[in-house]
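Biologist: I should like to learn how to read a structural model that I have not met before. May we go through it feature by feature?

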Amino acid sequence: MGLVVQKYGGSSVADAEGIKRVAKRIVEAKKNGNQVVVVVSAMGDTTDELIDLAEQVSPMPAGREFDMLLTAGERISMALLAMAIKNLGHEAQSFTGSQAGVITDSVHNKARIIDVTPGRIRTALDEGNIAIVAGFQGVSQDKKDITTLGRGGSDTTAVALAAALDAEVCEIYTDVDGVFTADPRVVKKARKIDWISFEDMLELAASGSKVLLHRCVEYARRYNIPIHVRSSFSGLRGTWVSSEPIEQGVQQVEQAIISGVAHDTSEAKITVVGVPDKPGEAAAIFRTIADAEINIDMVVQNVSAASTGLTDISFTLPKTEGRKAIDALEKNRSGIGFDSLRYDDQIGKISLVGAGMKTNPGVTAAFFEALSDAGVNIELISTSEIRISVVTRADDVTEAVRAVHTAFGLDSDSDEAVVYGGTGR
């Protein structure tokens, strides 16, 4: 008997019919001889609705109470799903994140998992039950407060449980048939990927691909947990994310040069103008940002002006953290010694990802030629061994993604990619 962890996103359990459809799929896995642990997200747009409600009541809700509110969404899903499974003649038990043993740090709204102690889950499985766990949530190690893991936290919950339970696979069910070479909502000819390495998937996730979250893939790579991304709306084979490329039992000799094109319009750019070009200035800027608990992405420093000895430093960060970053820098303005700050939230990032590019000359040239032919101007550039990212105007992102996707021969000749639930997650 194998142990399988399945995770279902909000679009998969958006209504009563969706919950009953998911229940049938879970029971089928149980009938196939597996022990089954299920992680669920909140129904549909429940989390967004709760956030809106909180903001109507309080413009800056306290982190502890905000987490207490948001975890209600997953509790509703897990209870309803347990009821639906019992109606199909199988026993199911639902557990909150804390009951499932998901231990986190104390950072509200974006806690990180420290440990998973799934004693109650193992007991439920040993008794022949299907265990259903509320995703996105845990309990802090020190204060025992309810915490949430941030956007996409249910994916991370599922992989963490799979690692703790030594599961054979973690199945992530969403509203697309797998991981595609680009967002199927933007590129209708995007091609489904049968297998992708943890490394390439990490880069795609970090670059804006929303089908899997970066932390989830990072956790899976660390504990070598294979992920199978599939749709809960169809029975099609999905995308395998793992360390080794296995395709129908035969190991692939060489993977594709390019895995996909990702884009992200959720970031903003801050330029620190007139920074003294001397040792320690960049450190002071980014220590200020780090102390405000803000993650940054791309960083570019301009050439120092010989006449003034001043330079500009630009970096990108989530739009949601923009105000906090500006306030933190302004408070430390005298300590850093810059002239002014510029804020721009009308940017987009396009990234080309593929482990094969490091051994294939000409990829960078082809990437920039495709953007040039599409009339897209580049503002920032960042690279790694298996990724090239550029920042452009937000209005140019769609055209840029399509142009690059076509230029690298990623367009599919078959039917258009389907987004069953309309969100791509």
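Modeller: The following turns go from the whole chain to helix pairs and then to single residues. Please bear in mind that this is a predicted model.

Biologist: Let us begin with the whole. How many helices and strands are there in the protein?

Modeller: The protein has 13 helices and 22 strands. Its radius of gyration is 23 Å, close to the 22 Å that the globule rule gives for 425 residues, so the protein is as compact as a globular protein of that length. Along the principal axes, the C-alpha atoms fill a box of roughly 80 × 50 × 35 Å.

Biologist: What percentage of the residues count as buried?

Modeller: Of the 425 residues, 53% count as buried. The contacts add to this picture: among those with a separation of 6 or more, 76% are between residues 24 or more positions apart.

Biologist: I should now like to turn to helix packing. How are two packed helices described?

Modeller: Two packed helices are described by the angle between their axes and the distance between the axes. Take helix α6 (residues 153-164) and helix α8 (residues 214-223), whose axes come within 8 Å and cross at roughly 10°. Because of that angle, α6 is roughly parallel to α8. The crossing of α6 past α8 is left-handed.

Biologist: Which residues of α6 and α8 make the contact?

Modeller: From α6 come D155, T156, V159, A160 and A163, and from α8 come R215, C216, Y219, A220 and Y223. By class, the residues of this contact are seven nonpolar, one polar and two charged.

Biologist: How should one read the pair formed by α9 and α10, and at what angle do their axes cross?

Modeller: The axes of α9 (residues 281-291) and helix α10 (residues 322-331) come within 9 Å and cross at roughly 130°. The two helices are therefore oblique to each other. Here α9 passes α10 in a right-handed crossing. The contact involves I285, T288 and I289 of α9 together with A325, A328 and L329 of α10. Five of these residues are nonpolar, one is polar and none is charged.

Biologist: Let us take one more pair. Which residues of α2 meet which residues of α3?

Modeller: In α2, T47, L50, I51 and A54 meet F66, L69 and L70 in α3. The axes of helix α2 (residues 46-57) and helix α3 (residues 63-70) come within 10 Å and cross at roughly 140°, and the crossing is right-handed. The residues of the contact divide into six nonpolar, one polar and no charged.

Biologist: Next, I should like to read burial within one helix. Which residues of helix α13 are buried?

Modeller: Helix α13 (residues 397-407) has V397, A400, V401, A403, V404 and H405 buried. The elements covering these residues include β15 (260-264), β20 (347-353), α12 (363-373) and β22 (387-393). After α13 comes G409, with a positive phi near 65°.

Biologist: Is L204 buried or exposed?

Modeller: L204 is buried, with a relative accessible area of 2%; the cut-off for that label is under 20%. This residue is in helix α7 (residues 198-206). Leaving out residues up to four places away in sequence, L204 touches I196, S209, G260, V261, A262 and V353. L204 and A182 are 22 residues apart in sequence, with 9.4 Å between their C-alpha atoms.

Biologist: Strand β22 was named as part of the cover of α13. Which residues is V391 in contact with, leaving aside its neighbours within four places in sequence?

Modeller: V391, which lies in strand β22, is in contact with M298, T316, I347, G348, N377, I378, E379 and L380. Its relative accessibility of 1% makes V391 count as buried. V391 and I347 are 44 residues apart in sequence but 6.6 Å apart in space, C-alpha to C-alpha.

Biologist: Finally, let us consider backbone angles. What is the phi of N224, and where is this residue found?

Modeller: N224 is not a glycine, yet its phi is positive, at about 55°. N224 is found in the loop between α8 and β11 (227-231), and at 45% relative accessibility it counts as partly exposed. E293, also not a glycine, has a positive phi of about 60°. E293 lies in the loop between α9 and β17 (299-301).

How values were computed
Residues are numbered from 1 along each chain as its sequence is written. This is a predicted model: local features need pLDDT of at least 70, side-chain atom pairs count only at pLDDT 80 or more; totals for chains, interfaces and linings use all residues. Side-chain values use heavy atoms; hydrogens and water are left out. Axes are lines fitted to C-alpha atoms, for helices over the stretch in contact, and angles run from 0 to 180 degrees between N-to-C directions. Helices (H or I, at least four residues) and strands (E, at least two) are DSSP runs, numbered from the N terminus. Angles under 35 degrees count as roughly parallel, over 145 as roughly antiparallel, 65 to 115 as roughly perpendicular and the rest as oblique. A crossing is left-handed if the near helix is turned anticlockwise from the far one by less than a right angle, and right-handed if clockwise. Contact means heavy atoms within 4.5 Å. Ala, Val, Leu, Ile, Met, Phe, Trp, Tyr, Cys and Pro count as nonpolar, Asp, Glu, Lys and Arg as charged, and the others, Gly among them, as polar. The radius of gyration is taken over C-alpha atoms; the globule rule is 2.2 Å times the number of residues to the power 0.38. Buried means under 20% relative accessible area, exposed over 50%, partly exposed in between (1.4 Å probe, protein chains only).
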